[in-house]
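User: I am new to reading protein structures, and I would like to learn how each label is justified. Could you take me through this one step by step?

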Amino acid sequence: MKALKELQSRLLEIDDLNHAAALLRWDQTTYMPPGGAEARGRQTATLSRLAHEKFTDAAVGHLLDQAQKETASLPYDSDEAALVRVARRGFDEAARIPNSLVSEFNEHQARIYQAWTVARPANDFAAVQPLLEKTLELSRRMAACFPGHEHVADPLIGFSDYGMKASSVRALFADLRARLVPIVRAVASRPVTDDSCIRQHAPEADQLAFGLKVIERYGYDMNRGRQDKTHHPFMTKFSLGDVRITTRVREDEITDALFSTLHECGHALYEQGISPSFEGTPLATGTSSGVHESQSRLWENIVGRSRGFWEHFYPLLQAQFPQQLKNVPLDTYHRAINKVERSLIRVDADELTYNLHVMLRFDLELEMLEGKLAVKDLARTWRERFEADFGIPVPDDRRGVLQDVHWYAGPIGGVFQGYTLGNILSAQFFAAASKAHPAIPDQIRAGEFGVLREYLRSNIYQHGAKFTAAELVERVTGGPLTLEPYMDYLWNKFAPLYGLREEERTAVEAH
Ligand code: ZN
């Protein structure tokens, strides 16, 4: 295994460069003074470029060939064979993209992101439009490095959700939309939920303290993690011993920080649960953005917004916020945190309408990549489609096409589908866990999460990127990705909350 050893030490250096860049980015969004922005952009770009150069070195390709021979007789699921397989996939991907395109993309990305931070509050789409046109061109050039695909978006989708492509995601989303829309319509015909009980002033320190209590119970290891404040919450990792989360706090809503904390904690539990023997290798990461998101949504929504969870935690929340909540019954609170409402902002959307936000973006980015939708028509098209899908007008681009960072900080295409894949998988994985351990719902009701977390760790987390998403889903649930558990989960949750009747579940769509 001489070549494999040599390969591993090279991969470790590349890993170090990438994690150093990640630390610089973490600092940029948490503690860096604004004056550091320009140099920081250059520093992270330098590290990323060095990592890409080292990875795509012909010597790495040669070592991969050798290591492939060395591991040829090992079983498919051995760590060594998986390491070579995953490194090979990454290498073939990276090697196809010229260094010059990587640099051009990085430089452009820094420029458009900076412009977006100004354009969004100013509601000025015109200011980013030419830059976004450039992003589209770069995204298409990036995709064109991988010829022979059915759809121009396929390589971009494959970067984050390996094995999925435009046609498979489209078919899945069409099915999901057909099943979601009748439920959303039925809920919209009911009285609007009063959620004023959570829309009360709550001091930042108390919100953070409560969130910490919950994530420690979830099993987030503070010896290998920490929490800091940021504008847009995220999870990041510098090694398996340092998996951090960031949280946003708005003091006008009691649970604002909590749910973003639970979400990022779900991502972090995944990373903290990866087998320590994978440290420094390409296996030491979540396997796809869909599977990653399945864990954030599982801990945030399926567990964290469940009735059982709050039977245990609501008295503790009341104790943390006695003035605000002492006269609010659990039922009222539980309804408030599960309020369904057709609204403008994706990240604030409820579990039912969230996927409609994702589908809108997915459709638009495919059309842009296909050349059917020009960037100059994007803001207008967004408003038209949004109103058709949600029945409410978009008052400005700030709450429309400018709201999400994604198109202004990366390629157009390949990112949004992961959110909805994650929602679907969260229910499928939770159903498998509950089938293996029928006591899990009762344990959640008692504030105990050890059995659930351990199930997820041993079946999903520990494997890191060893198996593809499709392989993992098959191993854990005994079948391919399917909508059934997710639709059952949504129905069983929202039908009682909104008094929906069985016949409303399958009502035929009007158009
Ligand atoms: Zn997430």
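Analyst: Let us begin with one contact: the side chains of Arg177 and Asp389 make a polar contact at 3.4 Å, a term for a pair of N or O atoms within 3.5 Å, where within protein one atom must be able to donate a hydrogen and the other to accept it, and residues adjacent in sequence count only if both atoms are side-chain atoms. This is a predicted model, in which local features need pLDDT of at least 70 and side-chain atom pairs count only at pLDDT 80 or more, while totals for chains, interfaces and linings use all residues. Residues are numbered from 1 along each chain as its sequence is written, and side-chain values use heavy atoms, with hydrogens and water left out.

User: What makes Arg177 and Asp389 a salt bridge as well?

Analyst: A salt bridge is a side-chain nitrogen of Lys or Arg within 4 Å of a carboxyl oxygen of Asp or Glu. The closest N and O atoms of Arg177 and Asp389 are 3.4 Å apart, and the pair therefore meets that rule. This salt bridge links distant parts of the chain, since Arg177 is in helix H8 (residues 166-188) and Asp389 in helix H16 (residues 378-390), 212 residues apart; helices here are DSSP runs of H or I with at least four residues, numbered from the N terminus. The structure holds 52 salt bridges.

User: How do you know which residues Arg177 touches?

Analyst: Contact means heavy atoms within 4.5 Å, and, not counting residues up to four places away in sequence, Arg177 touches Pro182, Leu356, Met359, Asp363 and Asp389.

User: Which domains does the chain have, and how many residues of each are in contact?

Analyst: The assignment, which is automatic or comes from a database, gives domain 1 (2-148) and domain 2 (166-510). Between them, 40 residues of domain 1 are in contact with 45 residues of domain 2. The area buried there is about 3,600 Å², of which carbon and sulfur atoms give 65%; buried area is the accessible area (1.4 Å probe) that two parts lose on being put together, summed over both. In domain 1, Trp26, Trp116 and Phe125 lose the most area to domain 2, together 18% of what that side buries.

User: How many salt bridges does the rule find across the interface of domain 1 and domain 2?

Analyst: The rule finds one salt bridge across that interface. There are also 15 residue pairs in polar contact between domain 1 and domain 2, both residues being at pLDDT 80 or more.

User: Why is the pair of Tyr113 and Trp116 called tilted?

Analyst: Rings of Phe, Tyr and Trp (its six-membered ring) pair if their centres lie within 6.5 Å, and planes under 30 degrees apart count as stacked, over 60 as edge-to-face and the rest as tilted. The search of the whole structure finds 25 aromatic pairs. For Tyr113 and Trp116 the ring centres are 5.9 Å apart and the planes at 35°, so the pair is tilted. Both residues lie in helix H5, three residues apart, about one turn of the helix.

Notes. Helices (H or I, at least four residues) and strands (E, at least two) are DSSP runs, numbered from the N terminus.
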